[in-house]
Amino acid sequence: MKKLLLCFSAIAVIACNKTATSSPSTPASPVQSNPKVQLFDAEIDGKVSALVSKMSLEEKVGQMTQLTLDAITTGDSPYSSASPYALDPKKVAHAIEKYKIGSVLNTPGHPLSRKEWFETITTLQEAAAKTPNKIPLIYGIDAIHGVNYTTESTLFPQQLGVASTFNKQHAYESGVVSAYETRASAIPWTFSPVLGLGRSPIWPRLWETFGEDVHIGETMGAAMIKGFQGDGGLNSVAACMKHYLGYSVPLSGKDRTGAWIPERELRQYFVPAFKAAIDAGALTLMINSGDINGTPVHASKFMLTDLLRGELGFEGFAVTDWNDINYLYTKYKIVKTKKEAIKVSINAGVDMSMVPHQLEFVDLLIELVNEGEVKMSRIDEAVSRILKVKYKLGLFDKPVTDPKDYPDFGSEKFAAKSKAAALETFVLLKNKKNLLPLKKETKILVTGASANTMRSLNGGWSYNWQGSEADKYAADKNTVAEAFMKNGNAKFVQGVTFDGTGDNIAKSVAAARNSDVVLLCLGETSYTETPGNTHSLLMPNKHVELAKELAKTGKKIILVLLEGRPVIFNEIEPLVDAVFVGFLPGNYGADALSDLVYGVANPSGKLPVNYPKHPHSFVNYNYKISDNLQLPNYYSSDYDQQYEFGDGLSYTTFAYSDLKLDTKEMTQDGKINVSVTVTNTGKMAGKEAVLLYISDLYATITPEIKALKAYDKITLAPGASKTVKFVINKKSLSFVNANLKTVAEPGEFTATVGLLSENFILK
Ligand code: BGC
C-alpha cells in the first residue's frame with residue numbers, strides 16, 4: 001500500500017599488550033578501506049556484449065524498466081493490491097512477456113512469508129524465461145535492517161543505531177545476515193545502505209543514515225556493503241547505495257524538498273561516503289529524489305555522469321527513486337511533458353527507471369530512440385550495466401533461490417547478532433549518583449508512549465513502509481514493558497500515547513508512588529519519508545506533563561528515548577536521574593535495554609549526531625570557530641547542545657594515557673603513527689569507542705573545530721589496558737578548497753583522543 005500518499009583514510013589497528021582481553025573475533029578485512037574492487041571480469045563483459053548485440057530495442061528498454069509489485073497483482077488499480085494478495089497472470093504476462101520489463105520491487109503493502117516470496121518470484125522468473133533472450137528479472141526490496149518485508153526475519157538496529165555502536169563489525173554483520181535472509185526470500189537486491197549524511201536533525205529519514213560524520217559514513221557504509229555483497233555467491237545480494245547525492249539536508253528539513261549545497265561542500269561532505277562505497281564494490285546506486293541548487297538530481301548530467309562515472313569511477317547501474325522521472329515535469333517543472341522528462345533523465349545518466357506503476361516509460365523511450373533524441377549507445381550502456389549486475393548475482397544460472405537452502409533464516413544465531421548490536425546501540429547520557437545499574441528486585445514502573453510498542457524499537461521499513469504493523473508481526477518479540485516484566489520486578493502503566501488516545505497520567509503517577517524507580521519511555525513512533533515530516537522536534541506537551549507529574553512523586557526517573565531523531569527534552573532533563581537514547585535498536589532492543597539497566601551488560605554506545613537542546617539551534621559537531629565564540633557582548637555565538645556527538649557513558653571508567661605521535665612533522669606523502677593507551681579503571685568489564693579527532697588550526701577555508709578521522713571499539717576487563725593505534729595520512733588532513741581541489745595545506749594540526757592532544761606539522 002506504500003506511497004499512495006506520495007504519488008583512506010586513517011586506519012585503526014588494535015595492538016593488545018599482555019594485560020588485554022581478546023579483541024572481538026572478527027575478520028579484519030570487511031571493515032577496512034581497500035583499494036577499489038574490480039566489479040566485473042572479462043568473462044562477464046564478454047557475455048554481456050554478446051547478449052546486448054542480440055537484443056531488440058524493445059527488450060533493451062524493457063530491461064531499463066522497474067515496476068512495483070502492486071502494478072501486477074489482482075485488484076482494480078496499479079496503486080494497491082487486492083487482499084488477499086495474488087499475482088494477476090494477465091498483468092504479469094503484459095508487463096514481463098509483452099513489455100519485457102527487467103525489474104520489480106516492493107511488497108504488496110504487508111510482509112510476505114518466505115514461501116510467498118518464493119512462489120511470487122518463481123512466477124515472475126518463469127514469465128521472464130519466455131522473453132526472446134530469457135533474461136531473468138532482478139527483484140529489489142528495501143531490506144534496510146534485515147529483510148524487513150519477510151515475516152519471521154531477523155531485524156537489526158536501524159543505521160543510526162548501528163552508527164551509535166561505533167563498531168564497524170555490527171554494520172558488517174547486519175549486512176551479512178540481511179543478505180542471507182534476503183536470498184532466503186528469493187530476492188537478490190537490497191536498496192541499502194543510505195549514505196547521505198544525517199546533518200539535519202529534523203529530517204524524517206535521519207535514522208536511516210549513519211549520522212552526521214563523514215568518516216563514519218565512509219567506514220560503516222563500506223562495511224555494510226561488504227556484508228551484503230561478500231565475495232558474491234548465493235548468500236550475497238547486490239547493495240544499492242542511496243540516495244546519490246545530497247538528499248539528507250533539505251533546506252526546510254522536510255523530506256524531498258530543495259537543498260542548497262555548494263559544490264565545495266558537496267565534495268567535502270557528501271561525496272566521500274559514496275566514493276568509499278564505490279571503492280568497496282557497491283553494485284548499484286539509487287538517485288536522490290530532491291533538487292540541489294535548483295537542479296533535480298535525476299536531471300543532472302554533472303552528478304549522474306561526469307562526477308559519478310568520470311570522477312568516482314562507478315561501474316554498476318543507477319536506478320531512479322520512486323516515480324522520479326515523472327516528478328521532473330509534475331513537481332519540479334523543469335520540462336513540460338513526460339517524454340521530455342524521460343529524455344532529460346536518460347541522457348543525464350539514469351540506467352533504470354523505478355517507474356513504478358505505468359508502462360508508458362517503455363513506449364516513450366522507444367520513440368525517443370527512434371527519433372534520435374536518445375542515442376542507442378546510451379541505451380546499450382545502461383542495459384549493459386544492468387545485465388552485468390544480473391550476471392554477477394548468478395541470476396542467469398539460478399534465477400530463484402529456494403528458502404530450503406537457507407536453514408539459518410530467523411535462527412537464534414542471527415538473533416544473538418542482532419541483540420549484540422542492540423546492546424551497543426544504546427547511549428547512556430546521564431547516570432546521576434550512579435543510579436544505574438539497578439538490582440533485579442527494584443520495583444520498577446514502566447510507563448510512557450514508547451514503553452509497550454515494537455514500533456518505537458524498529459522504526460519505518462519494518463513489515464510495512466511506515467512500520468505501523470510491527471506490533472502484529474513482531475508480537476513474539478519483547479516490548480520494553482514485556483522485557484522488564486519478564487526479567488525483573490516491573491509493572492506497566494501506559495501513561496501517555498503518541499496519538500493521545502490512551503493518555504492517563506493520573507494512573508501512571510499513582511503506580512509510580514508504589515514503585516522504587518520509574519522507567520519513563522518516550523521518543524517517537526515509527527515513520528519514514530514525508531509522513532514523518534514534522535514542524536517541531538520539541539517533546540509533545542503531554543509527555544512533558546507526564547514527566548513533571550512523575551517527578552513530583554520524588555521517585556527516581558530513568559528516561560528512555562526510543563526515537564529516530566533527537567526529540568528535544570530540555571524542559572524535563574533536570575527532572576530525570578538517568579537518560580538512555582536508543583536510535584531504533586530493532587527487535588531485540590528491549591531485551592538489550594533490560595540487560596543494560598540491570599547491569600547484565602555495560603553500555604558502550606556513543607552519539608553519532610549532536611543532540612540539540614533548543615528548537616532553533618541546530619549545529620553539527622564539527623562546527624566552525626565562529627559558531628561558538630565566547631566573547632560576552634561582542635560577536636558572541638552560543639553553541640549549547642543537550643549532548644554532543646561522541647558522548648556516551650559506561651558503568652566503568654576508562655583512563656586514556658600516553659598519546660604518542662611517532663613524528664611531529666609529516667610530509668605530504670608521509671604518515672604519522674598514533675598510539676594511545678586505554679585502561680579500564682573501574683570494576684566492570686566494558687567496551688570503549690576510542691575516537692581520534694584532527695583539528696586544522698589555520699586553513700584557507702575556515703577550519704572545522706575538529707573532525708573525526710579514525711575510531712575503534714575495544715573491550716577491556718577491569719584493570720586491563722590496551723594500546724590503540726591509528727594512522728594519520730594526507731587524507732586525514734585534507735579538505736576541498738575554494739578551487740574545488742582536495743588539498744592538505746601545510747601548517748599546524750592537533751590530534752585529540754579523549755582529553756589528550758598533541759600538535760604536529762604538515763610540511
Ligand atoms: C525511497 C527509497 C526506497 C524506494 C523503494 C523511495 O520512496 O526514497 O529509499 O528505496 O522508495 O521503496
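## Briefing: charge pairs, a helix and paired strands

R385 counts as buried, because its relative accessibility is 13%, below the 20% cut-off. Bear in mind that this is a predicted model. R385 is a handy way in, since this arginine takes part in a salt bridge with E381 and belongs to a wider salt-bridge network. From there we go to other charge pairs, then to helix 4, and finally to three strands.

**R385 and its network**

- The closest N and O atoms of R385 and E381 are 3.4 Å apart, and the two residues form a salt bridge.
- Both residues sit in helix 13 (residues 376-392), with their positions four residues apart in the count, or about one turn of the helix.
- An α-helix has 3.6 residues a turn, so residues three or four places apart point the same way.
- E381 is partly exposed, with a relative accessibility of 36%, whereas R385 is buried at 13%.
- The network of salt bridges links R309, D351, R378, E381 and R385.

**Other salt bridges**

- Across the whole structure there are 41 salt bridges.
- One of them joins the side chains of R256 and D321, at 3.2 Å from N to O. R256 is in the loop between strand 6 (240-244) and helix 8 (263-279), and D321 is in the loop between strand 10 (317-319) and helix 10 (324-330), so this pair ties together parts that lie 65 residues apart in sequence.
- Both partners are tucked away: R256 counts as buried at 10% relative accessibility, and D321 is buried too, at 5%.
- D402 and K404 also meet through their side chains in a salt bridge, at 3.9 Å from N to O.
- Here the two ends have contrasting surroundings: D402 is buried with a relative accessible area of 18%, while K404 is exposed at 70%.
- As background, side chains of opposite charge can pair when their charged atoms come close.

**Helix 4**

- Helix 4 (residues 114-128) has 15 residues, which at 1.5 Å a residue should span 21 Å; the end C-alpha atoms are 21 Å apart, so the expected and modelled spans agree.
- Its buried residues are W117, T120, I121, L124, Q125, A127 and A128. They cover an arc of only 155° around the axis, which means they are on the same side of helix 4.
- What do the buried residues of helix 4 pack against? Their partners are helix 3 (89-98), strand 3 (103-105) and strand 4 (138-141).

**Strands 20, 22 and 25**

- Strand 22 (residues 672-680) pairs with both strand 20 and strand 25.
- Strand 22 and strand 25 run antiparallel and are joined by eight bridges. Among the bridge partners are T677 with T723 and I672 with I728.
- Strand 20 (residues 654-661) pairs with strand 22 in the antiparallel sense as well, over six bridges. In that pairing, A655 has T679 of strand 22 as its bridge partner.
- Why is strand 22 described as largely enclosed by the rest of the structure? Because eight of its nine residues are buried.
- The reasoning carries over to strand 25 (residues 721-728): seven of its eight residues are buried, so the rest of the structure largely encloses this strand.

How values were computed: Residues are numbered from 1 along each chain as its sequence is written. This is a predicted model: local features need pLDDT of at least 70, side-chain atom pairs count only at pLDDT 80 or more; totals for chains, interfaces and linings use all residues. Side-chain values use heavy atoms; hydrogens and water are left out. Buried means under 20% relative accessible area, exposed over 50%, partly exposed in between (1.4 Å probe, protein chains only). Helices (H or I, at least four residues) and strands (E, at least two) are DSSP runs, numbered from the N terminus. Two strands pair if DSSP finds at least two bridges between them. The expected span of a helix is 1.5 Å times one less than its number of residues. The arc is that of the directions from the helix axis to the C-beta atoms. Contact means heavy atoms within 4.5 Å. A salt bridge is a side-chain nitrogen of Lys or Arg within 4 Å of a carboxyl oxygen of Asp or Glu.
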